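User: Can you walk me through this model? I'd like to start with how the parts touch.
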Amino acid sequence: MKQLRVGVVGLGWWGKLIVDQLRQCPSVTVVVATDRVPEPGKRFVAERGIAWVDDYDHLLAIAGIDAVILCTPHATHTGQILQAAEKGKHVFCEKPLALLAQEARLSIEAMKSRGLTLGLGHEKRFEPPIIEALARVRRGDIGIPLQMEANFNQDKFLGMSQNNWRFEETDAPAGPLTATGIHLIDLAVAVLGRAKAVTAALGRSSGQLRNGDTLGMLVEFEKGGHALIGAMLATPFSGRFALYGSTGWIDVRDNAHPEHPQGWTMRISRRGFAEEVFSFPSHPAVRDNLEAFAASILDGADYPIPTDDMEANVSILEAVVTSTRIGQRVQIFSTSRPPQL
Ligand SMILES: NC(=O)c1ccc[n+]([C@@H]2O[C@H](COP(=O)([O-])OP(=O)(O)OC[C@H]3O[C@@H](n4cnc5c(N)ncnc54)[C@H](O)[C@@H]3O)[C@@H](O)[C@H]2O)c1
């Protein structure tokens with residue numbers, strides 16, 4: 001069996017989870033890892049027989065590595081992708097791809113121009129009920145999509161040190177946006193395409209998260225349809241994706257945080273039919289995403305998240321941040337000009 005040989009960068013909460021998921025992917029070998037600080041990451045990978053290097057430059061210099069998996073703070077993503085592209089490495093980047101649309105375009109172009117694959121940590125697209133919901137929407141089961149309503153809330157960051165990068169405007173503008181809201185923006189783009197305008201408001205009511213804990217977003221799309229997205233970091237976990245169409249609706253509820261998935265409940269209502277309720281068992285969507293990334297490199301399969309969607313996602317992210325800062329509706333203009341590398 002062909003093997004993708006990868007290096008993992010950043011061994012915090014998600015990097016460790018990714019290493020253990022990758023170890024269960026038959027087509028992937030984790031060869032090496034690094035972190036800006038050696039412990040506890042060095043010990044963690046040593047226990048798993050994975051080599052350690054002291055920094056990213058040394059990791060990129062290893063000729064036997066095909067790809068890097070970036071599990072680092074958000075403001076580092078663009079620079080790390082551009083460096084990897086120069087060294088001819090494929091990249092799986094944790095979300096968000098970037099904090100500015102122009103940075104996203106630079107990364108996408110840097111990878112594309114060298115024939116490299118770009119994967120992105122939006123595992124919600126790989127959850128079985130979401131795959132099922134998107135297939136039903138494409139089949140026309142609920143008619144014309146009118147409005148998505150979704151939320152992704154959690155309270156894992158309460159009590160964290162105020163020095164954590166998650167509370168810095170430079171890494172996490174608009175509080176919950178880059179932590180949880182961005183996953184739902186990805187789903188909104190998957191269903192409704194490019195956005196034309198965003199109105200967003202940010203609250204700081206818990207007083208514990210200085211960059212904000214309660215985010216409300218209204219996204220309007222070029223081809224019609226809206227998304228109403230909530231993202232909160234000051235209330236216990238809840239995850240919901242609902243899509244209302246001209247002849248019916250689909251509502252998917254997460255039973256648990258994607259860190260430890262415990263299945264989903266899906267309700268479907270179609271005009272003229274009795275409401276249906278389906279239960280989906282737990283499924284490792286994070287691993288499926290990593291396997292799809294590997295398959296795209298090893299077998300030439302299409303990676304399920306198109307780069308146009310990645311760019312559309314960051315365009316919305318940037319507009320959300322601006323809207324929360326200026327307190328107004330922000331328009332998004334498509335750019336057809338290729339970025340300058
Ligand atoms: N897909 C998901 O559901 C999901 C869930 C959680 C986190 N994430 C993403 O994973 C990424 C990491 O988040 P986290 O929660 O693990 O953060 P974390 O703070 O727990 O870990 C980040 C690690 O990166 C290291 N680091 C910082 N700068 C570095 C650099 N320049 N080079 C190498 N290492 C560096 C830090 O020392 C730290 O160990 C973020 O992009 C985050 O949004 C994704």
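Analyst: One definition before that: two residues are in contact if their C-beta atoms, placed from the backbone, lie within 7 Å. Also, this is a predicted model.

User: Fine. How many residues of domain 1 and domain 2 are in contact?
Analyst: 14 residues of domain 1 meet 20 residues of domain 2. On the domain 1 side, eight are nonpolar, four polar and two charged.

User: Where are the domain bounds?
Analyst: The assignment puts domain 1 at 4–123. Domain 2 covers 125–287 + 315–331. Taken over C-alpha atoms, their centres are 25 Å apart.

User: Switching to the sheet. What is the strand order?
Analyst: It is an open sheet of nine strands, ordered 14-13-12-11-7-10-9-8-15, with mixed pairing.

User: Which strands stand at the edges?
Analyst: Strand 14 (276–280) and strand 15 (330–331) do. Each has a single partner strand, so one side of each lacks a neighbour in the sheet.

User: How many bridges join strand 8 to strand 15?
Analyst: Two, and the strands run antiparallel. Strand 8 spans residues 195–203. Val198 has Val330 of strand 15 as its bridge partner.

User: And helices. What does helix 6 lie across?
Analyst: Helix 6 (residues 128–139) crosses strand 7 (145–153), strand 11 (238–245), strand 12 (248–254), strand 13 (264–270) and strand 14. Its angle to strand 12 is about 170°.

User: Which strands does helix 7 touch?
Analyst: Helix 7 (residues 176–192) packs on the sheet against strand 7, strand 9 (214–221), strand 10 (226–232) and strand 11. Its direction makes about 160° with that of strand 7.

Conventions:
Residues numbered from 1 in each chain as written. Predicted model: local features only at pLDDT ≥ 70, side-chain atom pairs only at ≥ 80, totals over all residues. Pairing = 2+ DSSP bridges. Helix = DSSP H or I, 4+ residues; strand = E, 2+ residues; numbered from the N terminus. Axes fitted to C-alpha atoms, helices over the stretch in contact; angles between N-to-C directions. Domains from an automatic or database assignment. Nonpolar A, V, L, I, M, F, W, Y, C, P; charged D, E, K, R; others polar.
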